[in-house]
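Here's a quick briefing to read alongside the sequence and the 3D view. Have a look around first, then come back for the details.

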Amino acid sequence: MAQSTKPTGEAAKLHRGFGVLAALGIVLVLAGLVGLVYTGVATLTSMLLFGWLLLIGGAVGLLHAIQARASNFFWLGVVVAALNIAAGIVVIRRPEAAAEALTMFAALLFLTGGVFRLVGSLVVRGPQFGWTLVQGAFDLLLGILVLSSWPSSSKYVIGCFFSLALLFDGLGLIATGFGGRRIVGMVSEQLAGEGDVRDESGEGAVKPVQPEKFSKSAEGGQEQSHN
């Protein structure tokens, strides 16, 4: 009889775990798509989330610094935690201004990164010369476009980046989840097939002793002992 190929035991736990990853990936993909449609809402949401993360991280860091007040880094931990708390409060109260500042910072990073890539590719001319040149030109162009429309670009740039990050992270989780479920299913099917082969070949099976043969062998042994 063929055994069921459905994963059991630890394999079933792995199968469910990969299914949860795939479901989480689908949620992230949907959130990314919604964010790309409503970039303004995504920008405000991402800035508020960033502010709350700064605030919570600062509070946790302050508690940790108080617990370790006997160490030499007590005041450094207090200062860093206070800065995080202050930055979190500012971002939560003024998310639009924070988005403008962060957009400016991102545009400057794109500009400087593009210039360094362009100059480096022209000077070094390594095996990845063409790809590095294209990356540098793209970063430089993106930085110029963001700066040319700043501060109005701050309403959609951060939200667009945040939504794209959610989208690609979700796609990665979906690929991991479905790939893991497929691998677990293939391994379970292979193990079930090996079990069927062992059952058909009869390996490891104990042959039952026939009562008639057992009685005849016992009588023969008694006759030999009498003789």
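How many salt bridges does the structure hold? There is one, and its partners are the side chains of Arg117 and Asp139. Keep in mind that this is a predicted model.

**The overall fold**

- The protein chain has seven helices and zero strands, so there's not a strand to look for in this one under the usual helix and strand assignment.
- Reading from the N terminus, the elements go α-α-α-α-α-α-α.
- The protein chain runs to 227 residues, and 22% of them count as buried.
- Take the contacts in the protein chain with a separation of 6 or more: 81% of them come from residues 24 or more positions apart.

**The salt bridge**

- Arg117 and Asp139 meet through their side chains at 2.5 Å, N to O.
- Arg117 sits in helix α4 and Asp139 in helix α5, 22 residues apart, and the pair links these distant parts of the chain.
- The two ends don't share a burial class: Arg117 is partly exposed, with a relative accessible area of 35%, whereas Asp139 is buried at 12%.
- Why does Asp139 count as buried? Its relative accessible area is 12%, and buried means under 20%.

**Helix α5, side by side**

- Helix α5 covers residues 129-148, which makes 20 residues.
- From its first C-alpha to its last, α5 reaches 28 Å, close to the 28 Å expected at 1.5 Å a residue.
- Asp139 turns up again here: along with Gly136, Gly143 and Val146, it is one of the buried residues in α5.
- Those residues cover an arc of only 100° around the axis, so they fall on the same side of α5.
- Flip to the other side of α5 and you'll find Val134, Phe138 and Ser148, which are exposed.

**The aromatic pair**

- The structure holds one aromatic pair.
- Phe110 and Phe161 make up that pair in an edge-to-face arrangement, 5.8 Å centre to centre with 65° between the planes.
- Phe110 lies in helix α4 (residues 95-124) and Phe161 in helix α6 (residues 157-201), so the pair ties together parts that are 51 residues apart in sequence.
- Both rings belong to partly exposed residues: Phe110 has a relative accessible area of 22%, and Phe161 has 33%.

**Two buried serines**

- Ser46 is in helix α2, which spans residues 39-67.
- With 8% relative accessibility, Ser46 counts as buried.
- The side chain of Ser46 reaches the backbone oxygen of Thr43 at 2.8 Å.
- Setting aside residues up to four places away in sequence, Ser46 touches Ile158 and Phe162.
- Ser163 belongs to helix α6 and is buried, with a relative accessible area of 1%.
- What does the side chain of Ser163 find on the backbone of Gly35? A polar atom of that side chain lies 3.4 Å from the backbone oxygen of Gly35.
- There's also the backbone nitrogen of Leu36, 3.5 Å from a polar atom of the Ser163 side chain.
- Gly35 and Leu36 show up among the residues Ser163 touches too, together with Gly32 and Ala42, again not counting residues up to four places away in sequence.

**Leu54 and its neighbours**

- Leu54 is another residue of helix α2, and it is buried, with a relative accessible area of 18%.
- Which residues is Leu54 in contact with, leaving aside its neighbours within four places in sequence? They are Asn84, Ile85, Ala87, Gly88 and Val91.
- For Ile85, there's a backbone distance as well: its C-alpha and that of Leu54 are separated by 6.2 Å, with their positions 31 residues apart along the chain.

**Ala101 and Ser154**

- Ala101 has its place in helix α4 and is partly exposed, with a relative accessible area of 47%.
- In space, Ala101 and Ser154 are 8.3 Å apart, C-alpha to C-alpha, while in sequence they are 53 residues apart.

Note on methods. Residues are numbered from 1 along each chain as its sequence is written. This is a predicted model: local features need pLDDT of at least 70, side-chain atom pairs count only at pLDDT 80 or more; totals for chains, interfaces and linings use all residues. Side-chain values use heavy atoms; hydrogens and water are left out. Helices (H or I, at least four residues) and strands (E, at least two) are DSSP runs, numbered from the N terminus. Buried means under 20% relative accessible area, exposed over 50%, partly exposed in between (1.4 Å probe, protein chains only). A polar contact is a pair of N or O atoms within 3.5 Å; within protein, one must be able to donate a hydrogen and the other to accept it, and residues adjacent in sequence count only if both atoms are side-chain atoms. Contact means heavy atoms within 4.5 Å. Rings of Phe, Tyr and Trp (its six-membered ring) pair if their centres lie within 6.5 Å; planes under 30 degrees apart count as stacked, over 60 as edge-to-face and the rest as tilted. The expected span of a helix is 1.5 Å times one less than its number of residues. The arc is that of the directions from the helix axis to the C-beta atoms. A salt bridge is a side-chain nitrogen of Lys or Arg within 4 Å of a carboxyl oxygen of Asp or Glu.
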